[in-house]
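Student: Could you take me through one part of this model in detail? I'd like a close look at the salt bridges and what they join.

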Amino acid sequence: MLVTVGSKNSVKVDAVKEAFRIAKLDAEVLSIEVESGVPAQPFCDDTFTGARNRALRSMKIGHSDMGIGIEGGVCERNGRMVAFAVVHVVDKGGKENFSTSASFTLPENIAQLIREGKELGEATDVVFKVKNSKEKLGAVGHLSKGLISRTTLYIQPVLLAIYPFI
């Protein structure tokens, strides 16, 4: 089975590969850079739209059996900004499913940078004085002091999004 992931981000691709390994599904996973069709930093429902767009566009471009889109977003909830990801899966028959990752609160210094127009990855880089964190640990990895990496955060929602296809 050919599975396309609508991103060149190795964190997302590695999470999909690991989820398929855990599920004992034989798949060739191909990463394809596609536009999400939503702002660079999605808020709330745009995160769902971006993930679906990535899944559909990657499948169309890659002529795959299944397309997977993973979109990270933020949302204001109960007076705090939370970060989360959406995983959307679609197959060539038109069947679709999605899941979300665990969400986690962002410290006010990161949240304020996002409100000022930075993406979560950029804000994380500024606060933690690192480069390209979204291709590595991500905000969740830095905030959890390495206990949960961005890849780890994505594996469970990928599994939950693909279960109807197993």
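Tutor: Here is a walk through the salt bridges, one pair at a time. Bear in mind that this is a predicted model, where local features need pLDDT of at least 70, side-chain atom pairs count only at pLDDT 80 or more, and totals for chains, interfaces and linings use all residues. Residues are numbered from 1 along each chain as its sequence is written, and side-chain values use heavy atoms, with hydrogens and water left out.

Searching the whole structure turns up six salt bridges, a salt bridge being a side-chain nitrogen of Lys or Arg within 4 Å of a carboxyl oxygen of Asp or Glu. Let's start with Arg54 and Glu71, whose side chains meet at 2.4 Å, N to O. Arg54 sits in helix 2 and Glu71 in strand 3, so this pair ties together parts that are 17 residues apart in sequence. (Helices are DSSP runs of H or I with at least four residues, strands are runs of E with at least two, and both are numbered from the N terminus.) Both partners are tucked away: Arg54 counts as buried at 11% relative accessibility, and Glu71 is buried too, at 4%. The cut-offs here are under 20% relative accessible area for buried, over 50% for exposed, and partly exposed in between, with a 1.4 Å probe and protein chains only.

Next comes Lys92 with Asp65, where the closest N and O atoms are 2.8 Å apart. This pair links distant parts of the chain, 27 residues apart: Lys92 is in the loop between strand 4 (80–91) and strand 5 (96–100), while Asp65 is in the loop between helix 2 and strand 3. Lys92 counts as exposed, at 63% relative accessibility, whereas Asp65 is partly exposed at 25%.

That same loop between helix 2 (45–62) and strand 3 (66–77) also holds His63. His63 has a phi near 50°, a positive value in a residue other than glycine, and its relative accessibility of 69% makes it exposed.

Now back to strand 3, for Arg115 and Glu76, which form a salt bridge of 2.9 Å, N to O. Arg115 belongs to helix 3 (residues 108–115) and Glu76 to strand 3, so the pair ties together parts 39 residues apart in sequence. Arg115 is partly exposed at 37%, and Glu76 is partly exposed as well, at 35%. There's a further partner here: Glu76, Glu108 and Arg115 are linked in a network of salt bridges.
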